[in-house]
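Got your viewer open? Let's take a short tour, one selection at a time.

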Amino acid sequence: MTTWDADLLVVGAGPAGVSAAVMASSLRMRTVVVEVEQVGAKLRAIGAMENVPGGWTTGGALAEALASDLDRHQELGRVTVLSGRAARVDGHDDRAEVLLEDGRTLTAPAVVVATGVSTLMPEDVPWIEAPESRWLPPLWRATAEYLEGRRVVVLGADRPLGTWLRAHPQAGVNLDVLFPESDRYKTEEVADDGRLRLDVVDRVSVAPVADGFRVTAWHSFGGPHTFVVDAVLSNMGSKPAALAGLVVGADGYCPPDEQHPRVLVAGDLKGAQMQRIAVAIGDGSRAALAPYYQAQAVRA
């Protein structure tokens, strides 16, 4: 008889991963959740939440609820949360495997990969030149106190811009938002906020100087415009945090139908259109049901 470490492995403890673990546990499946940070780590920086049922108004509150859910199922003895970083996932005829960076290998009949997305940095996008500033702090981590009274440039008009403004409705800030034409549709929800100056650019260069940052913006009309600001924040969007071993599409996401049958992807990792918390929660539960029904069919 084959001995596995669990009935289901789950990589990632965000909304999709926790939902998969809770669903599996409710079906009496022994589940191991691998998470390198804390439960709901990315959620905790979301200052305002409007589109998730349940009355959650901040990401931090939802993250605490997810952590409590996992604690409850750990107390039932059906879920184990393992601190570690997954390096690779593989599917085989008789098992799924997750290789951890410390060399350990976990096995189960199936694995749900819910590693989500990571923040894009200047080197990831073609319209920004910032060789001396490869890492810029993301807007969603900035406090209102830090930004007030400063001249701030935000690179990119991704939707965390609207979230930040709703989370800080009284913040006395003025943000210069530089973004490519492809981001224009995302600005519709914030276009009437007087704290913003929205500027479509062809490309931007950023260089640190003694007083902050020198920013040069090129437009389709006229020549370049150069100015010095106190702070530059990134808000270009995200990229899939795909593990080695997954099949990755041309867009960087992991199409579920192209993975090994024992490897299931859930939530943000599947595609840009999945990047909504409520969608990820439902998709994580769905992913856990697939190996359960497969096992039931084999027994029958």
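**Stop 1: a pair inside one helix**

Select Arg286 and Asp283: the two form a salt bridge, and their closest N and O atoms are 2.8 Å apart. Keep in mind as you look around that this is a predicted model. Now show helix H5, residues 277-299, and you'll find both partners in it. Arg286 and Asp283 sit three residues apart, about one turn of the helix.

Is Asp283 buried or exposed? Asp283 is buried, with a relative accessible area of 7%. Its partner Arg286 counts as partly exposed, at 36% relative accessibility.

**Stop 2: on to helix H2**

Next, pick Asp69 and Arg72. Here's another salt bridge, with 3.1 Å between the closest N and O atoms. Both residues belong to helix H2, and being three residues apart puts about one helical turn between Asp69 and Arg72. Asp69 is partly exposed, with a relative accessible area of 26%. Arg72 counts as partly exposed too, at 42%.

**Stop 3: a tie across the sequence**

Stay with helix H2, but select Glu64 and add Arg44. These two form a salt bridge whose closest N and O atoms are 2.5 Å apart. Which parts does this pair tie together? Arg44 is in the loop between strand E2 (31-35) and helix H2 (59-75), while Glu64 is in helix H2 itself, so the salt bridge ties together parts that are 20 residues apart in sequence.

Try a surface view of the two ends. Arg44 counts as partly exposed at 27% relative accessibility, and Glu64 counts as partly exposed at 43%.

**Stop 4: a network**

Now select Arg151, Asp176, Arg197 and Asp199 together. What links these four? They are joined in a network of salt bridges. If you'd like to keep hunting for pairs afterwards, the count for this model comes to 21 salt bridges.

**Stop 5: a hairpin**

Time to leave the charged pairs and switch to a cartoon view. Select residues 96-100, which make up strand E5, and residues 105-108, which make up strand E6. How do E5 and E6 run? They run antiparallel, and four bridges join them. To find one of the matched positions, click Ala96: its bridge partner in E6 is Ala108.

Follow the chain from E5 to E6 and you're tracing a hairpin, with four residues between the strands. Finish by clicking Gly103 in the turn, where phi is positive, at about 100°.

Conventions: Residues numbered from 1 in each chain as written. Predicted model: local features only at pLDDT ≥ 70, side-chain atom pairs only at ≥ 80, totals over all residues. Heavy atoms only, no water. Pairing = 2+ DSSP bridges. Helix = DSSP H or I, 4+ residues; strand = E, 2+ residues; numbered from the N terminus. Salt bridge = Lys/Arg side-chain N within 4 Å of Asp/Glu carboxyl O. Buried < 20%, exposed > 50% of the residue type's maximum accessible area, 1.4 Å probe, protein only.
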